[in-house]
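Here's a quick tour for anyone who likes to read a fold residue by residue. Have the viewer open and follow along.

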Amino acid sequence: MSVRLEDFHSEQEIAWCPGCGNFPILKAVKEALVALDLAPHRVVICSGIGQAPKLPHYLRVNTFNGLHGREVASATAVKMAAPDLTVLVHAGEGGAYGEGGNHLLHAIRRNIDITLVVHDNKTYALTKGQASPTTDFGTSTRIQPHGVASSPLNPLTLAISQNCSFVAQASSVMPDQLAELLQTAIAHQGFSLVNVLQPCVVWDKVHTYAYYQKRCTPLGPDYDPHDAQQAFLLASKPSDKIPVGIIYRADRAVFNAAETSGLDQPLREQAVDPSVVSGYFHRFR
Ligand SMILES: Cc1ncc(C[n+]2csc(CCOP(=O)(O)OP(=O)(O)O)c2C)c(N)n1
């Protein structure tokens, strides 16, 4: 039997603001999972703290909700223990590029088969609008009334420079294209980063739905995502047109935990011998 959208229905009341750019992302994830015929019990979504990380509560899949900025680390552990499961991470750009920036670098390097979906709303939304790693230079916030004094991080050029095996950009304002991109990212073997430009209707009055609708421009059929220099140029050049689509792809070996550790089976299948750890428990009595 094929998987249906209703299979992902969650009873949890949604606590996002009306009009939040997270809603189209939630819808797109469900559509992508259905299109890939992935049943809820085959999927794990890891997240941390923030508005974006609430997403896994709003659909019926396995979830692990951990510390802010540690969502890629949790997902890495899940994928290492159970490589047959499809593992996604949903994080804000604060969690993914700020508190969790270090984990991101190493997930890219390792090329573990997980999909990181970053809800990039250019603000720390849950904690009420402080600047995040992608907030524009000079932006005035309640905490930074004289303007943000640091330049924004460019997640796309960062990932391309580290030869990340799949780098894409999408937007909440183009939900169909977002669902399609998520589908491709999840199907990709290796680490995939999808930066989703998401309006925050409460804390950011500049990057609105209209702002992104006017600027987001899908890449044409002639664009070759395997060309690293072209991808870097595209992602770094300031332009009124914001590229959306698969920006960069690299064919790389995928991290395999069992092989790397010399195990013949995944960690989940390994027998547990309680006597190995009982000595440690004794010390804490
Ligand atoms: C290590 C750590 N640092 C800071 C916080 C406080 N904190 C919780 S959520 C959050 C901001 C979340 O912003 P983002 O990750 O961009 O997600 P959004 O709420 O915008 O979706 C902060 C600063 C925390 N819980 N843990």
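What follows goes from the ligand shell to the helices and core, and then to a few single residues.

## Around the ligand

Keep in mind that this is a predicted model. The ligand has 19 residues around it, and the ones that come nearest are Gly-50, Gln-51, Gly-92, Gly-94 and Ala-125. Helix α3 (residues 93-99) supplies the largest share of this shell, with four residues.

Sorted by class, the shell leans polar: 12 residues are polar, five are nonpolar and two are charged.

## Helix α1 and what it packs on

Helix α1 covers residues 22-35, so to speak a by-the-book helix: its 14 residues reach 20 Å from the first C-alpha to the last, close to the 20 Å expected at 1.5 Å a residue. Just after α1 comes Asp-37, which has a positive phi, near 55°.

Which residues of α1 are buried? They are Asn-22, Pro-24, Ile-25, Leu-26, Ala-28, Val-29, Lys-30, Ala-32 and Leu-33. An α-helix has 3.6 residues a turn, so residues three or four places apart point the same way. The partners for the buried residues of α1 are β1 (43-47), β4 (115-120), α6 (175-187) and β6 (192-197).

## The nonpolar core

The largest nonpolar core holds 62 residues, and the members that touch the most others are Val-167, Leu-182 and Val-194. Leu-182 shows how α1 ties in: leaving out residues up to four places away in sequence, Leu-182 touches Ala-28, Val-29 and Ala-32, along with Val-117 and Val-194.

## Where α2 meets α4

Helix α2 (residues 71-81) packs against helix α4 (residues 101-110) at an angle of about 35°, and the two axes are 8 Å apart. On the α2 side the residues are Val-72, Ala-73 and Thr-76; on the α4 side, they are His-103, Leu-104 and Ala-107. Four of the residues in this contact are nonpolar and two are polar, with no charged ones.

## His-90 and Phe-137

Is His-90 buried or exposed? His-90 sits in strand β3 (residues 86-92), and it counts as buried because 29 C-beta neighbours lie inside 10 Å. Setting aside neighbours within four places in sequence, His-90 is in contact with Ile-45, Ser-47, Ala-52, Pro-53, Leu-55, Pro-56, Val-117 and His-119. Its C-alpha is 6.5 Å from that of Cys-46, although the two are 44 residues apart along the chain.

Phe-137 belongs to the loop between β4 and α5 (155-161). Phe-137 is exposed because there are just 11 other C-beta atoms within 10 Å, and 12 or fewer is the cut-off for that label. Beyond neighbours within four places in sequence, Phe-137 is in contact with Val-148, Ser-150, Ser-151 and Pro-152. The C-alpha atoms of Phe-137 and Gly-48 are separated by 26 Å, with these positions 89 residues apart along the chain.

## Positive phi without glycine

Lys-122 isn't a glycine, yet its phi is positive, about 55°. Lys-122 is in the loop between β4 and α5, and it counts as buried because it has 24 C-beta neighbours inside 10 Å.

Asn-163 is another non-glycine with a positive phi, about 60°. Asn-163 lies in the loop between α5 and β5 (166-171). Why does Asn-163 count as partly exposed? Because Asn-163 has 14 C-beta neighbours inside 10 Å, a number in between the cut-offs of 12 or fewer for exposed and 20 or more for buried.

How values were computed:
Residues are numbered from 1 along each chain as its sequence is written. This is a predicted model: local features need pLDDT of at least 70, side-chain atom pairs count only at pLDDT 80 or more; totals for chains, interfaces and linings use all residues. A residue is near a molecule or strand if its C-beta atom, placed from the backbone, lies within 6 Å of it. Helices (H or I, at least four residues) and strands (E, at least two) are DSSP runs, numbered from the N terminus. Ala, Val, Leu, Ile, Met, Phe, Trp, Tyr, Cys and Pro count as nonpolar, Asp, Glu, Lys and Arg as charged, and the others, Gly among them, as polar. The expected span of a helix is 1.5 Å times one less than its number of residues. Two residues are in contact if their C-beta atoms, placed from the backbone, lie within 7 Å. A nonpolar core is a set of buried Ala, Val, Leu, Ile, Met, Phe, Trp, Tyr and Cys residues joined through C-beta atoms within 7 Å. Axes are lines fitted to C-alpha atoms, for helices over the stretch in contact, and angles run from 0 to 180 degrees between N-to-C directions.
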